[in-house]
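Hi,

Here is the structure I promised to pass on to you. Have a look around first, and then read my notes below.

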Amino acid sequence: MATRISGAVITEALVDVAPVARVRNLVRDFDGRRVLDNLDLDIAPGEFVALLGRSGSGKSTLLRALAGLDRGVEGELTTEGTIAVAFQEPRLVPWKRVLANVFLGLKHADPKAAARAALEEVGLAERAAAWPLTLSGGEAQRVSLARALVREPDLLLLDEPFSALDALTRITIHRLVIDLWQRRRPGVLLVTHDVDEALRLADRVLVLGAGRIAHESRIDLPRPRRGDHPHLISLRETLLAELGVAPEGTR
Ligand SMILES: Nc1ncnc2c1ncn2[C@@H]1O[C@H](COP(=O)(O)OP(=O)(O)O)[C@@H](O)[C@H]1O
Ligand SMILES: [Mg+2]
C-alpha cells in the first residue's frame, strides 16, 4: 500500500537534518515488471541531487512518485513542504499568455505580482504578455522554471528539462538554474541523461540501475565548475562506466 505522510512529526533535535524527501523500500511494478525495486533515497534541504540512468531505468517513475503523481507505488515516501515540478516539455497552456501560465493554480495573495517577479528572475519580464507558441524552446523552458519557482518550493523536481535545448541555450539555462538555486535554496532532484550536466550542477550524483540507487558520488566543488577539473574528469569516467558506456579508446 502506498504510504504518504506530509508534515510528519519530527522531534526537535532532528529538525536540522530532516530531509525534504525520504524514500524507503519504494516499489513500482508495471504489468508485473518491477521498475523500482526497494529503492531508498534521502534529499536534504537545499541539496542539489542529479539522477542519472539509462533510458527506461525508472527515473521519471521515481520523480512522478516524489511529485505525488503516481498512486501505484508501494513503500514509504515522505516529503516536507511545497513541491514543484518541471518536465522535459514545458507544458504551457497555449491559450493563456505567459504571465497567466506562471500563476495558473497558484495560491497567493497577489498571484500576478508573484508571477511577474518570477518571470523577472528568469529574465523574461518583457515576455509576460506573449503567447506560449511564440516562444523559443529556451524561453518556454524558462517560463516553466518560473512557474515552478513562483510556488517557492522546498523541493524542486526537474525531469530532463534541458534535454531538448541546443547546447548554447543549455549553458545559459544551467547558469540560471544555479543562480536561482543559490538564491532560493530548494532541495533539487534533477533527472538527466547528460553526465556533464550532472557534474556541472549537482552536490550529489546518483545512478539508477536495476530499480535502485546503484551508485552515488558527492561533488564538493564550487560553482561555476569547469568540466576539465581532474576530479570531474575521473568522475565522468566512473559515471559513464556505471551507465554501461565504455571509456574512450576502448571497444
Ligand atoms: N504508465 C506506465 N505504464 C506501463 N509502463 C510504464 C509506465 N510508465 C513507465 N513505464 C515503464 O517503466 C519503465 C521506466 O520508465 P521511466 O520511468 O519513464 O524511465 P526513464 O525516465 O528512466 O527513461 C519503462 O520500461 C517504461 O516503459
Ligand atoms: Mg524519463
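Let's begin with Asn25, which is partly exposed because its relative accessibility is 41%, and partly exposed is the band between under 20% (buried) and over 50% (exposed). Asn25 sits in strand β2, residues 21-30. Its backbone is worth a click too: Asn25 is not a glycine, yet its phi is positive, at about 50 degrees. Before you go further, keep in mind that this is a predicted model.

Arg185 makes a nice partner for that residue. Here as well phi is positive, about 55 degrees, in a residue that is not a glycine. You'll find Arg185 in the loop between α5 and β8 (187-191). With a relative accessible area of 45%, Arg185 is partly exposed. Why point these out? Most residues other than glycine have a negative phi, and most peptide bonds are trans.

That brings me to another backbone spot. The peptide bond that runs from Arg223 to Pro224 is cis, and its omega is near 0 degrees. Pro224 belongs to the loop between β10 (212-218) and α7 (230-242).

Now for the ligand. Which residues surround ligand 1? They are Phe30, Arg33, Val35, Arg54, Ser55, Gly56, Ser57, Gly58, Lys59, Ser60 and Thr61. Sorted by class, this shell has 6 polar, 3 charged and 2 nonpolar residues. Two elements, β3 (33-43) and α1 (59-66), each bring at least two residues to the shell, and α1 has the largest share, with 3 residues.

Zoom in on the oxygen atoms of ligand 1 and you can pick out some polar contacts. A polar side-chain atom of Thr61 is 2.5 Å from a ligand oxygen. For Gly56, a polar backbone atom is 2.7 Å from an oxygen of ligand 1. Ser60 uses a polar side-chain atom, which lies 2.9 Å from a ligand oxygen. How much of ligand 1 does the protein cover? On its own, ligand 1 has 560 Å² of accessible area, and the protein covers 60% of that.

Next, the empty spaces. The largest pocket has a volume of about 210 Å³. Its lining is made of Ile171, His174, Arg175, Ile178, Arg200, Leu201, Pro224 and Arg225. Two or more of those residues come from each of α5 (167-184) and α6 (195-201), and α5 gives the most, with 4 residues. By class, the pocket lining splits into 4 nonpolar, 3 charged and 1 polar. You may recognise Pro224 here: it is the residue at the end of that cis bond from Arg223.

How many cavities of 30 Å³ or more does the structure hold? There is 1. The largest cavity has a volume of about 70 Å³, and Leu145, Leu149, Leu156, Leu158, Val177, Leu180, Trp181, Pro186 and Val188 line it. The elements giving two or more residues to this lining are α4 (137-149), β7 (155-159) and α5. Again α5 gives the most, this time with 3 residues. What classes of residue line the largest cavity? The lining has 9 nonpolar residues, with no polar and no charged ones.

If you'd like a place to start, try α5: this helix gives the most residues to the lining of the largest pocket and also to that of the largest cavity.

Cheers

Technical notes
Residues numbered from 1 in each chain as written. Chains lettered and ligands numbered in written order. Predicted model: local features only at pLDDT ≥ 70, side-chain atom pairs only at ≥ 80, totals over all residues. Heavy atoms only, no water. Near = heavy atom within 4 Å. Polar contact = N/O pair within 3.5 Å; in protein donor to acceptor, adjacent residues only side chain to side chain. Areas by Shrake-Rupley, 256 points an atom, 1.4 Å probe, with all protein chains shown as cover. Nonpolar A, V, L, I, M, F, W, Y, C, P; charged D, E, K, R; others polar. 1 Å grid on protein atoms, 1.4 Å probe; cavity = no way out; pocket = protein on both sides within 12 Å on 5 of 7 lines; lining within 4 Å. Points joined across faces, edges and corners; volume = space filled by probe spheres on them. Buried < 20%, exposed > 50% of the residue type's maximum accessible area, 1.4 Å probe, protein only.
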